[in-house]
Structure formats: C-alpha cells, structure tokens
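Colleague: Could you take one part of this model and go through it closely, setting it against the chain around it? I would like a connected account rather than a list.

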Amino acid sequence: MGNCWNCCKEPDQSAPDPATQDCNKEEMPEAPLYPAPSHVPASTAPLDTILSNGNHLGAPTEITSATAIGRFYPSTRRTTTRSAPTMGISDSKPSDLKVNSLFESYKDEQDDVILAEGIDQFCKDLSVPPDDFKILVLAWKLNAEQMCRFTRGEFVNGLKAIKCDSIKAIQSRLPELVEEIEQSDELFKDLYRFAFKFGLDVQTGQRILPTSMAMVLWRLVFTVREPTILKRWLNFLENHPAIRGIPKDTWNMFLNFSEHVENDLSCYDDNEAWPCLFDDFVEYENDQANQNISKDKERECDEFVIKD
C-alpha cells in the first residue's frame, strides 16, 4: 500500500547502509537518522494528528504504537469509490473475469492500481478494520510491494493463489490463513520478514525502517505468537528516542533473539554475534532490575526504622 503512508514516513537520506559496516554486529547510526521531535513524545500523538499530517517533507510526525496503522488510509476519501458486487464463494478454480471485475471495483480512476481510497472501501466490504492483523496477512498473500497500493498483478494473482474471486470467498479464507500462520513456524517467519519490507518507503529507496514504524509493525505482526519479551523491548525503544532506525538484520534477528532469551535475560551472551542494539537492551533491563532491587531494600529499611 503507499502514498498515504509516505506522508508520515521520515526520509532515509542520512541512514547508513548496514551492509557496509565493518563490525560483525550492526551499529546504529552515529547521528540520528531523523531529527527527534521536540513537541510531544511518540506515545502521545493523537490519531487525528497522524491521519491529517501530510507534510512528510517537513517536520517528521512520530508514529504512535497504537494508532499509526491508521496511516494505511487517509482521513478523507472520494465519494466515487464503488463497492464490489456480491458474489458467491468460488467452488473450484477462481474466475479470471470475477477477480478482474473485483479489482475494477476498487481501482483508482486515473491509474490501474488500487490506492488508499479503494483499499479503505475494500476493507469495509470485507468487514475487517484496516488495522487488523488479517489485512497484513492478506497483503502478504498478495505479495504487495508497498502499503496503500495494490497493483492489478498483485491483486489478481494473489487472490487466484488463495483461490478467491469474491468478497465472500476472501471473508471465508482469511480466518483459515491466520490459523495456518499460527500453526506454522515457517509461514510466520515468512510473514514476519515480509512486514519489514512492507513498512519501507520504496518510493524513496528507504532501507532502514524508522523505529516508530518498526514498533507499530512489531505490535501488529505479533498479534499471534507474541514473545514474552516484546513489551519490555518496545518499552526500551520508547525510552530511547535517539534510536531512530531499525536495519533489516536487526528486525530479522529479533525473532531469534526473542525465542532465545524468552523472558529471562540471564542466558544472553553479549559475546555472540547479536546486533549491538540487543546488548544495549539487555544492559538497560539489568540496570532497571538493579534499581528495583535497591528501591525494595530502601523500603524494607524504612519500614524497619518505623517499626523500631
């Protein structure tokens, strides 16, 4: 999907290419990839602020963890978008005529693609919210190159691959696709890796995912199979706004990292070839744990003095 997300993405002009770095671990950029905002923290920007901000070339808009998926779709929509005709579930091979007719129901008036307005209507006809996990799964099955945009080839070939040629058929198929992902390590891993590519701004050649966008996608993709470490990881990123980008290797290796450490960081070995960002996270968590222990001891001492 595409243009409607671009208005909220930060340009990637200063982002270093992780492939060119010398050390075995990934280093985060020395300078911020994107200037940190001075007005509000990332976790407090209201939904209407995100949806209405179109100045992606000016001051960047931070993406809230709970509402940034609203950027799939703009807040204003054309009234000319057409709903698809009701059709039955495909019993066998999907009909080329029906699939192309479905595409025509949502395509842009000027270009042979489905853009934000059409995708919004598509979601309404499916009775699925645009920020639902099922929409990410569908985009993955269509092998969509970018957000807010389905080409005719992606839409037609993708629906034929999942044997659907109608809204009713897609509605029936989506729960099955989610169940398959929940039960298969390989399918989930493929979806997880797709999410990184899906979040990039391909029009600007972006290669590093802005941290705010990465946090949104982590929450979305882990709708199923959520690791126990996820909330602590996201809390670490929220409390370190200087971390402005997530390279592809860091994104991919977080899945292995979360499976390796689970919720116990004592087994983490910083001598292994983990990205440097994971070292920083473990150090931060250990510092937090030590501070909590110290506070508990202070309380015990205070209580003892009072009782004495």
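Modeller: A residue is called buried here when its relative accessible area is under 20%, and exposed when that value is over 50%, with partly exposed residues in between. The model is a predicted one, and C164 is a plain case of the rule: its relative accessible area is 1%, so C164 is buried. C276 has a relative accessible area of 17% and therefore also counts as buried. As for cysteine pairing, the cut-off is a distance within 2.5 Å between two cysteine sulfur atoms, and by this rule the count of disulfides is zero.

The part I would look at closely is F196, which belongs to helix α8, a helix that covers residues 185-199. F196 has a relative accessibility of 4%, and because buried means under 20%, this residue counts as buried. Leaving aside residues up to four places away in sequence, the residues that F196 touches are R207, L209, I246, P247, K248 and W251. Between F196 and I208 there are twelve places in sequence, and their C-alpha atoms lie 9.1 Å apart in space.

Helix α9, which takes in residues 211-221, is mostly covered, since ten of its eleven residues fall under the 20% limit and are buried. Its buried residues include T211, S212, M213 and A214, and among them are also M215, V216, L217 and W218, together with L220 and V221.

For the setting of these details, the chain has twelve helices and four strands, and 47% of its 308 residues count as buried. Among contacts between residues at least 6 apart in sequence, 73% join residues at least 24 apart. The chain exposes about 15,600 Å², of which carbon and sulfur atoms supply 48%.

Confidence needs the same care. The pLDDT averages 76 over the chain, and 65% of the residues score at least 70. Over residues 26-81, however, the pLDDT is below 50, although the model gives this stretch 125 contacts beyond near neighbours in sequence. A further stretch, residues 85-91, stays under 50 as well, and the model has 16 contacts for it beyond four places in sequence. Where pLDDT is low, the predicted coordinates should not be read in detail.

Key: Residues numbered from 1 in each chain as written. Predicted model: local features only at pLDDT ≥ 70, side-chain atom pairs only at ≥ 80, totals over all residues. Heavy atoms only, no water. pLDDT = per-residue confidence, 0-100. Contact = heavy atoms within 4.5 Å. Helix = DSSP H or I, 4+ residues; strand = E, 2+ residues; numbered from the N terminus. Buried < 20%, exposed > 50% of the residue type's maximum accessible area, 1.4 Å probe, protein only. Areas by Shrake-Rupley, 256 points an atom, 1.4 Å probe, with all protein chains shown as cover.
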